[in-house]
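Q: Could you take me through one small part of this model up close, and then show me how it fits in with what's around it? I'd like one connected story rather than a list.

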2 protein chains.
Amino acid sequence: MDQVLKALADSTRRDLVERLVAGPASVGELAAPLAMSLPAVMQHLQVLESAGLVRSEKVGRVRTCHLEPAGLRMVEEWLGHQRTDWEHHLDALGDLLQEGDLS
Amino acid sequence: MDQVLKALADSTRRDLVERLVAGPASVGELAAPLAMSLPAVMQHLQVLESAGLVRSEKVGRVRTCHLEPAGLRMVEEWLGHQRTDWEHHLDALGDLLQEGDLS
DNA sequence: ACTAAAGTTAAGTACCTACTTGACTATTGG
DNA sequence: CCAATAGTCAAGTAGGTACTTAACTTTAGT
């Protein structure tokens, strides 16, 4: 959880994720549009991979990366729980206020 | 977006959010269960507040903090889009494979 | 007025993160 | 075999982050 959110808390890595949504890509393809060195991109990919958001296999001399949606879903669920719990709390509070009627 | 994810990418701050889901709380109440100094908690609250996840008002000498669900919803939507786009992509790929039938 | 409570500010420190460059290791096509 | 391609490893650096303690400012109770 911590790892996943830390991984997504970087705009370069979110760019990589958005690129990978369109389909698998090699390290070089991922690095091309980014204004940074290839090793830097590699480090970002490692972060994404150890967070479980991306997987990659190397065949020959090219490593191909693809998305792993399970990680995204996990965070999404955590967020959804917090938000809906809070909204239910607000609803309950609203009902109370209407019942007691302070206005 | 960047700010929101960076804010949530810290377990202490996620603890604060989870506490605030149960309802508003003062800085002291929020700090009490955490094994760190009060100024540290203040800094975390400032991060959450400038990310738009928390709002607070000071009345007398006590500052009361409460959640702002809009920020959570924004991230949730971004995640949902990436994930569902990817899953649709996978489905389309699956259909193609079944159509072409390589097995 | 005096003290305690609740918070705020400022400054400093230890660690972490996002890069860099340069050297190196495979693969692959000619 | 030779050179170019694709990626990897290692080390170093600049800036950011999560704290700390100490000093200070309000407000509230007696």
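**A close look, then outward**

A: Let's start with B:Glu68, which sits in the loop between E3 and helix H5 (69-100) of chain B. Keep in mind as we go that this is a predicted model. Is B:Glu68 buried, exposed or something in between? It has 17 C-beta neighbours inside 10 Å, so B:Glu68 counts as partly exposed. To be called buried, a residue needs 20 or more such neighbours, while 12 or fewer would make it exposed.

Who does this residue meet? Leaving out residues up to four places away in sequence, B:Glu68 touches B:Gly52, B:Leu53, B:Val54 and B:Arg55. There's also a nice example of folding bringing distant parts of a chain together: B:Val17 is 51 residues away from B:Glu68 in sequence, yet their C-alphas are 9.7 Å apart in space.

Now pick up one of those partners, B:Gly52. This glycine comes just after H4(B) and has a positive phi of about 80°. That leads us to the helix itself. H4(B) is 13 residues long, and from its first C-alpha to its last it reaches 18 Å, close to the 18 Å expected at 1.5 Å a residue. Its buried residues are B:His44, B:Leu45 and B:Leu48. Looking down the axis of H4(B), you'd find the buried residues within an arc of 100°, so they line one face of the helix. What do they pack against? Their partners in chain B are helix H1 (2-8), helix H2 (11-21), helix H3 (27-31), strand E2 (54-59) and strand E3 (62-67). Flip to the face of H4(B) turned away from the buried side, and you meet the exposed residues B:Pro39 and B:Ser50.

H4(B) also takes us to the DNA. There are 21 residues around DNA strand D, and A:Ser26, A:Gly28, B:Ser37, B:Ala40 and B:Gly60 come nearest. Which element supplies the largest share of that surface? It's H4(B), with four residues. The elements that each supply at least two residues there are helix H3 (27-31), helix H4 (38-50) and strand E3 (62-67) of chain A, together with helix H4 (38-50) of chain B. By type, the surface near DNA strand D splits into nine nonpolar, six polar and six charged residues.

DNA strand C is next. It has 21 residues around it, and the closest are A:Ser37, A:Ala40, A:Gly60, B:Gly28 and B:Pro39. Here, two or more residues each come from H4 of chain A and from H3, H4 and E3 of chain B. H4(A) gives the largest share of the surface near DNA strand C, with four residues. The residue types near DNA strand C are nine nonpolar, six polar and six charged.

So how do the two protein chains relate to each other? Turn chain A by 180°, with a shift of 0.0 Å along the axis, and it lies on chain B with an RMSD of 0.0 Å. The two copies are thus related as by a two-fold rotation axis. In chain A, the C-alpha nearest that axis belongs to A:Glu76, 2.7 Å away from it.

The chains also touch. Their contact takes 24 residues from chain A and 24 residues from chain B. On the chain A side, helix H1 (2-8), helix H2 (11-21) and helix H5 (69-100) each give two or more residues. H5(A) provides the largest share of that side, 13 residues. Sorted by type, the chain A side has 11 nonpolar, five polar and eight charged residues. And 100% of the interface residues of chain A are also interface residues in chain B, so the copies meet through the same surface.

One of those contributors, H2(A), is worth a quick peek too. Its buried residues are A:Arg13, A:Leu16, A:Val17 and A:Leu20. They cover an arc of only 100° around the axis, which puts them on the same side of H2(A). After H2(A) comes A:Gly23, with a positive phi near 135°.

Finally, zoom out to chain A as a whole. It has five helices and three strands, and from the N terminus on they run α-α-β-α-α-β-β-α. Of its 103 residues, 26% count as buried. Among contacts in chain A between residues at least 6 apart in sequence, 51% join residues at least 24 apart.

Technical notes:
Residues are numbered from 1 along each chain as its sequence is written. Chains are lettered from A and ligands numbered from 1 in the order in which they are written. This is a predicted model: local features need pLDDT of at least 70, side-chain atom pairs count only at pLDDT 80 or more; totals for chains, interfaces and linings use all residues. A residue is near a molecule or strand if its C-beta atom, placed from the backbone, lies within 6 Å of it. Ala, Val, Leu, Ile, Met, Phe, Trp, Tyr, Cys and Pro count as nonpolar, Asp, Glu, Lys and Arg as charged, and the others, Gly among them, as polar. Copies are superposed by least squares on the C-alpha atoms of residues with pLDDT of at least 70 in both. Two residues are in contact if their C-beta atoms, placed from the backbone, lie within 7 Å. The expected span of a helix is 1.5 Å times one less than its number of residues. The arc is that of the directions from the helix axis to the C-beta atoms.
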